[in-house]
Every structure is written in structure tokens, then in C-alpha cells.
Amino acid sequence: MEGLKELLKELLLINSSTKQGSNKAIEFCGQWLEENGLPVNIIENNGYKMLVSEVGSGDKTVIFNGHIDVVSGKEEQFIPREKNEKIYARGSADMKAGVACMMKAMAALKDEELDTNIQLQIVSDEEIGGFNCTGHLVEEGYTGDFVICSEPTQLGIALQAKGVLRLNIEVEGIPAHGSRPWEGENAIEKAYEVHRKIKDLPFMKESSDYYPTPSLNLAMIEGGDAYNKVPGNCMLKYDIRYLPEQTKDDVVKQIENAIDSSVFVSMFSEPVRTDIEDYYVQKIKAAVEENTGTEAVFFGQHGAADTQFFAQLGIPAIEFGPVGENWHGNKENVEIDSLYIYQKMLEDFAHSV
């Protein structure tokens, strides 16, 4: 059976920053799983492919979920390079390493007597929101009692994730000739004041156990169309990550009440908030501590992952994966030793539930 490091390198060679490349990676994973004696069901939705494979038995189901799509990168980033006990490549940390470990764990578990069904889901659109794959799988009933998404977490256990709220705010002014700005009202200048008010709202001053504050990113500004014209319109586009204790509706209401501009929600996803005392969380904790000899670390993620789709149904879900760094960056890498430790943790966990 192919080694873990070699499997990861083959997966990294596939440029899966496009739909076509991601589908190719799904097919590669499916072929590898079949060659290693595992059942594979490849599903397609809106042109995006995903696969499901299952081992074990019993009344309970645990889901191993991972994505093979990656953000864009330089051509040379899709050629894995090994240096200083790390593998450098686009997607090495986020998150082909986790996927390869899950695949190897499934192959190791397929002939074991397990009291729980272990369902592997490999998807191809997490980086653009996950709605075509994991969102689709959840809608089609591919759910369970607990979910592990193998995002890079340094072998820590991410119990929470902030909610995502993308807003467009249209600020209106009064256009006029650029040489006579006093005859108009500059929408871009009005937008400065809108942004200042949002930064000072009550929701921005709140904190929680895992987060000192929500995050507010003014991602895009669109306004003005000529040098010699006072802009009559300015669009502010925000990426807001709100706390698990907050709600999307309250955040939007606070913004609407504070400004005299139109607010449009372009996308949102609910936060993730998994109980530290959950039965499966405690089993993962035990596997981490057994294999590292140190106390498990619990934390909250600032970004969203496919855990969100399960959490919306009340299914406890965590992010838990190998040690990596600089994902989405030019020096993305994963620590090789952590791959084998992580695979062992997954197997120990599967035997314990």
C-alpha cells in the first residue's frame, strides 16, 4: 500500500485551483480508495464532483470531511518540495495533507471491527463556500452524529468558528460638476462616516471565551466614474466575522439603525459552537493526549469551514488537522511528522467510539 507521504505528493501535483482540476483530484482519490479495497460513490452537483466512502458498522456515524480544492498559486507551487522535515506546495496544509491522512486511515480501518460507521467525504468547492458539495451532501442526508473537518489546526481542536456575513452598503450622494463640489454631496466622503459608525457599534466591542472581538473587513469600495464629477454613489463591501454568541440579524439591525444607507446581505453562514463536553470531543481529546503526551488545545477559528453545514443542523462538528503554516501564502507547508501522528489519532479515535 502506498505510503502516506507519497500519496500526499501525488495529490499535490494536481492543480486543483479550478473546477476541472478539483474534479480530477476527486477522481484520483476515488481511484486510490478503490484500489485499496474501499467502496466509493462519486456524486456530481452543479459540475462539482465529490465522493463518499464508508467503513464500520453500528447505529452511529462519524464523518471525516476534507476538501481537495485549493486557492490559486504559482505554477511551481504545484510541484511538492521536501525541506527541513516539511513538504512545501499549494494545498499542502490547506488541506490535502488532512485528506491524505483520512484516506490512509480509512484504508487501515476497512478490515477492522468498528462499532461506529466512519464515513469519508472528500469535496471540491470549500474554498468558494462549500454550497455545491458539503452543503449538497448535507441536504441529501449524508449526515451523522459527529464531524471532523481536517483543516490545519496544529493538532489542536477547533470547537468554534465565527459566523460569516457579507454586506453591501450603498451610500448615495448628489452628483455635481467636479469644479463646483459644493453644489453636490460626495458619496465617497459620506462613506467614510458610514465606515466609522460601523466600527463603533456595540457588536464590535463584544468578546467571548475564544475571541477578543469580531472582525470587520472593508474588502471593496466602488465609487465615482469621472475625475470631473462629484460621485453620486459609493458601494462599500464588507466581510464581517461575528462571534458564535452573536446573531446575523442583530448585527444587520445595528448597522441599519446606525446609518442612512441601504444595506444588502449578499451571503452569510452561521457560526459553529461545539460543546467541549461532547462525547466525541472527549474521545478526540484522549487520542490527542495519548499520541502527543501533552494536554489537548481547544480554540476557536476566525474563518469558516464546511463544519458550518453540519452545525446548522445541530450536529457537533470540529476542525482538527495536521501541523501546517502559511496556507494561501507563497510558502505553504505541512510538517511531515504531524501527518503520521494525525493518521494515528484518527484511527485511535475510530476504535474508541
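Author: A salt bridge here is a side-chain nitrogen of Lys or Arg within 4 Å of a carboxyl oxygen of Asp or Glu. The model is predicted, so to speak of local features takes pLDDT of at least 70 and side-chain atom pairs count only at 80 or more, while totals for chains, interfaces and linings use all residues. Numbering runs from 1 along each chain as written, and side-chain values use heavy atoms, leaving out hydrogens and water.

Reader: How far apart are the C-alpha centres of domain 1 and domain 2?
Author: Domain 1 takes in two stretches, 4-161 and 271-351, and domain 2 is 163-269 (bounds from an automatic or database assignment). From one C-alpha centre to the other, domain 1 to domain 2, the distance is 35 Å.

Reader: And how much area is buried between domain 1 and domain 2?
Author: In contact terms (heavy atoms within 4.5 Å), 16 residues of domain 1 meet 11 residues of domain 2. Buried area is what both parts together lose to a 1.4 Å probe on being joined. Carbon and sulfur atoms give 58% of the total, and that total is about 1,100 Å².

Reader: Which residues of domain 1 lose the most area to domain 2?
Author: Three residues stand out on that side of the interface. Together they account for 44% of what domain 1 buries, and they are Gln160, Pro271 and His302.

Reader: Which residue pairs with Arg273 in a salt bridge?
Author: Across the interface of domain 1 and domain 2, the rule finds one salt bridge. Arg273 is in domain 1, within the stretch 271-351. In its salt bridge the closest N and O atoms are 3.5 Å apart, and the partner is Glu245.

Reader: Which strand supplies the largest share of the side of domain 1 that touches domain 2?
Author: Helices (H or I, at least four residues) and strands (E, at least two) are DSSP runs. At least two residues of that side come from each of β8 (157-161), β15 (272-273) and β16 (298-301). The largest share is four residues, and it comes from β16.

Reader: How many residues apart in sequence are the parts that Asp145 and Lys60 tie together?
Author: The whole count comes to 18 salt bridges. In the one between Asp145 and Lys60, the closest N and O atoms are 3.9 Å apart. Asp145 sits in the loop between α4 (134-139) and β7 (146-149), and Lys60 in the loop between β2 (48-55) and β3 (61-67), so the separation they bridge is 85 residues.

Reader: Where is the cis peptide bond that leads into Met95?
Author: Met95 belongs to helix α3, residues 92-109. Omega is near -15° for this cis bond, which starts at Asp94.

Reader: What is the phi of Leu155 near?
Author: Leu155 lies in the loop between β7 and β8. Most residues other than glycine have a negative phi. For Leu155, phi is positive, near 65°.

How values were computed
Buried area is the accessible area (1.4 Å probe) that two parts lose on being put together, summed over both.
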